[in-house]
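Biologist: Could you take me on a close look at the salt bridges in this model? I would like to hear which side chains pair up and where they sit.

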Amino acid sequence: MSKKKALYVAMIVSLIVSIFGGTAFAEADRVPGGPSTEGNTNISSIITYDEMIKELNKLEKRSKGSLEIMTLDEFGYEPGKSEAGRDLYVAKIGEGDEKVWVQGRIHGNEPYGTESILEVMKKLVSNGSPTYETLREEITFYFIPMYNPDGSEKNIRHTLLEESEDRRIDLNRDWAEDGFAASESLAYYSFWTDVKPDYAIDIHHQGLKTQYGTNKAVTLSLGISLAPGGPTLPSIEDGAYDELTRQMQVYVYDALNDYGNINIDRYTVGGGDYVIDIKGGVVSAMMLGLNYDGMNADGHSNPAVFFETSGNTRDGNLGQKSRGKLIRQNVRGLESLLYGIATEEVKDVDAERWDEIPISPIKGYQTDDGIIPIDNEGF
Ligand SMILES: [Zn+2]
């Protein structure tokens, strides 16, 4: 590297550190295996929108027709683009009857959903193992590698409304009965009403977290935006999703928890005091069978789960060191859950074992209308 270039790189690095926080975490308190606590996020290693498109096109070519890459405006949806006018990319692959929707990076500063999805897509295109044979035969996949391209490009959670840039919209609160604030939401909702998936998986990031009562770093939390046993989910589909969402989480927990460096618990908010139960979350609305403007008149709905990878660009703790580990963890989680869906093993899981996935004592549900307190029974 030339002197001039080295100086330039050093400037960029210090700029990134100053933007994303150079605060050092107390590394000593945490046992190894969690995300990097080195106190800076190397965003140059995070995939950009343009790089994703390049990768999608490469995979499509390599697949010799088995992988279809599409943008939502090609379907004639109005409007079929992001608020800033970016194309919204979706990908379809597989021959199976079971339709699975996998989305990543609905929050633009939660990057690894995109990279995990691309990795699974790559394997679906080229991996000859029996597992991937089964996945291709039993499932038709609908991948959304970067749900929120505008927020991703800005490395922020939200999207910004075109008509008034100071209005930030959390796309994961925007599948609402009275309509959609952001153009992305209506485009993806329209696509969902056409696809009518049987399952959905939604990949997020959370901040650093320690398993309750231990000093073990949590690397992945499992959850869903309508809480099993909560105020909403048990009444949907006669409780079928309340059971299925538990089964899906236990299936992933069993499959991953034996890997070194992976430590799983249940997703909480409010510093571990609450679990979420929100109706405008995308996968919540899927489970509720949102029928906006008569577009889902037959009331299609499907169960879903979240993956919440620990480490977050907004907290500045997604270091390059942990990148490979965290993406691999998501890929393993996806592979196992998809295999469980393909073989229907998911439905054989004892749903009550969901209680075995560690969680802190919970005081209530965080809902759209505030906190609903609960006693701690059942947690
Ligand atoms: Zn998120």
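Modeller: Happy to; here is a walk through the salt bridges, pair by pair. Please keep in mind that this is a predicted model. Searching the whole structure turns up 18 salt bridges.

Let's begin with Asp-150 and Arg-86, whose closest N and O atoms are 2.8 Å apart. Asp-150 belongs to helix H5 (residues 149-154), while Arg-86 sits in the loop between strand S1 (68-71) and strand S2 (89-93), so this salt bridge ties together parts that are 64 residues apart in sequence. Asp-150 has a relative accessible area of 5%, so it counts as buried, the cut-off being under 20%. Arg-86, at 25% relative accessibility, is partly exposed.

Next come Glu-115 and Arg-323, which form a salt bridge at 2.4 Å, N to O. Here two helices are linked across 208 residues: Glu-115 is in helix H3 (residues 112-126) and Arg-323 in helix H9 (residues 320-343). Glu-115 is buried at 8% relative accessibility, whereas Arg-323 is partly exposed at 22%.

A further pair is Asp-265 with Lys-209, with 2.9 Å between the closest N and O atoms. Asp-265 lies in strand S9 (residues 264-266), and Lys-209 in the loop between strand S7 (199-206) and strand S8 (220-223), so distant parts of the chain, 56 residues apart, are linked. Both Asp-265 and Lys-209 are buried.

Finally, there is a network to look at: Glu-110, Arg-157, Asp-170 and Arg-173 are joined into one by salt bridges that share partners.

Definitions and conventions: Residues are numbered from 1 along each chain as its sequence is written. This is a predicted model: local features need pLDDT of at least 70, side-chain atom pairs count only at pLDDT 80 or more; totals for chains, interfaces and linings use all residues. Side-chain values use heavy atoms; hydrogens and water are left out. A salt bridge is a side-chain nitrogen of Lys or Arg within 4 Å of a carboxyl oxygen of Asp or Glu. Helices (H or I, at least four residues) and strands (E, at least two) are DSSP runs, numbered from the N terminus. Buried means under 20% relative accessible area, exposed over 50%, partly exposed in between (1.4 Å probe, protein chains only).
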